[in-house]
Amino acid sequence: MSAFGFISDKLEIKFLILYIAARVVGPVPFEVLQELSMCDAGVDYFGFSECLADLVRTEHLTVDKNGLYAITDKGRRNSAVCESSLPYSVRMQVEQNLVSHNEQLKRKALVGAAVEPREKGGYEVTLSLSDELDDLMNLRLLVTRQDMALDLQNRFRSGAEELYSKILAVLYGGNP
């Protein structure tokens, strides 16, 4: 462990991981937990990895078949009890880092794009956009090539809101 960080031992790293896992808006991959946990010089990769494995083993966290980590009720209870043990500056840094990450996770959950091959040939691209209450748009397109389908999927994911606005403008007789 680094002598310059506020986090000084593995127990504090576990508290930090639980603190983060309790505040992310959904299950996250290893890399995201790692990135969010590296907010203090006292946390290194090996200590983080070991502590994360311990938290899964003790059922404070779960990891699904896709490698996404989520906090359990046990982890949430222990996090609430122990969070005040984390230095205030570390908690504030985590909160700041979580703002942008949680916004990205929320957007990803609201923008859907999938590609499926069709038995008759070609590919079906399904695009959807939701707000937090309801579906705003569901669109299915047929394209002939997989590379086209994947390109449409990627373009939609990066600009779904803009495309939705353009479709509304065209349907209402305006220019996109």
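**Exercise 1. Count the disulfides in the structure and account for the result.**

Solution. A search of the whole structure returns zero disulfides (pairs of cysteine sulfur atoms within 2.5 Å). The model is predicted: local features need pLDDT of at least 70, side-chain atom pairs count only at pLDDT 80 or more, and totals for chains, interfaces and linings use all residues. Residues are numbered from 1 along each chain as its sequence is written, and side-chain values use heavy atoms, with hydrogens and water left out.

Step 1. Take Cys39. Its closest cysteine sulfur belongs to Cys51, 13 Å away, which is too far for a bond.

Step 2. Take Cys82. Here too the closest cysteine sulfur is in Cys51, at 13 Å, so the gap is too far for a bond.

**Exercise 2. Find how many salt bridges there are, then place the pair Glu83 and Arg23 in the fold.**

Solution. Start with the principle. Side chains of opposite charge can pair when their charged atoms come close.

Step 1. Apply the rule: a side-chain nitrogen of Lys or Arg within 4 Å of a carboxyl oxygen of Asp or Glu. The count comes to 10 salt bridges.

Step 2. Check the pair. Glu83 and Arg23 meet in a salt bridge, 2.7 Å from N to O. Glu83 sits in the loop between α4 (73-82) and α5 (88-110), and Arg23 in the loop between α1 (10-21) and β1 (28-29), so the contact ties together parts that are 60 residues apart in sequence. Helices (H or I, at least four residues) and strands (E, at least two) are DSSP runs, numbered from the N terminus.

Step 3. Add accessibility. Buried means under 20% relative accessible area, exposed over 50%, and partly exposed in between (1.4 Å probe, protein chains only). Glu83 is partly exposed at 24%. Arg23 is partly exposed at 24%.

**Exercise 3. Analyse the salt bridges Asp54 to Arg57 and Asp151 to Arg155.**

Solution.

Step 1. In the pair Asp54 and Arg57, the closest N and O atoms are 3.3 Å apart. The two are three residues apart in helix α3 (residues 45-57), a separation of about one helical turn. Asp54 is buried at 19% relative accessibility, whereas Arg57 is exposed at 60%.

Step 2. Extend this pair. Lys14, Asp54 and Arg57 are linked in a network of salt bridges.

Step 3. For Asp151 and Arg155, the closest N and O atoms are 2.8 Å apart. Both lie in helix α6 (residues 146-171), four residues apart, about one turn of the helix. Asp151 is partly exposed at 37%; Arg155 is exposed at 56%.

**Exercise 4. Trace the pairing of strand β5 with β4 and with β6.**

Solution. Two strands pair if DSSP finds at least two bridges between them.

Step 1. Look at cover. Strand β5 (residues 123-130) is mostly covered, with six of its eight residues buried.

Step 2. Go to β4 (residues 111-117). This strand and β5 pair in the antiparallel sense over seven bridges. Val111 has Leu129 in β5 as its bridge partner. The hairpin of β4 and β5 has five residues between the strands, and Gly121 takes a positive phi near 105 degrees there.

Step 3. Go to β6 (residues 135-143). β5 and β6 pair in the antiparallel sense over eight bridges. Val125 has Leu141 in β6 as its bridge partner. Four residues lie between β5 and β6 in their hairpin.
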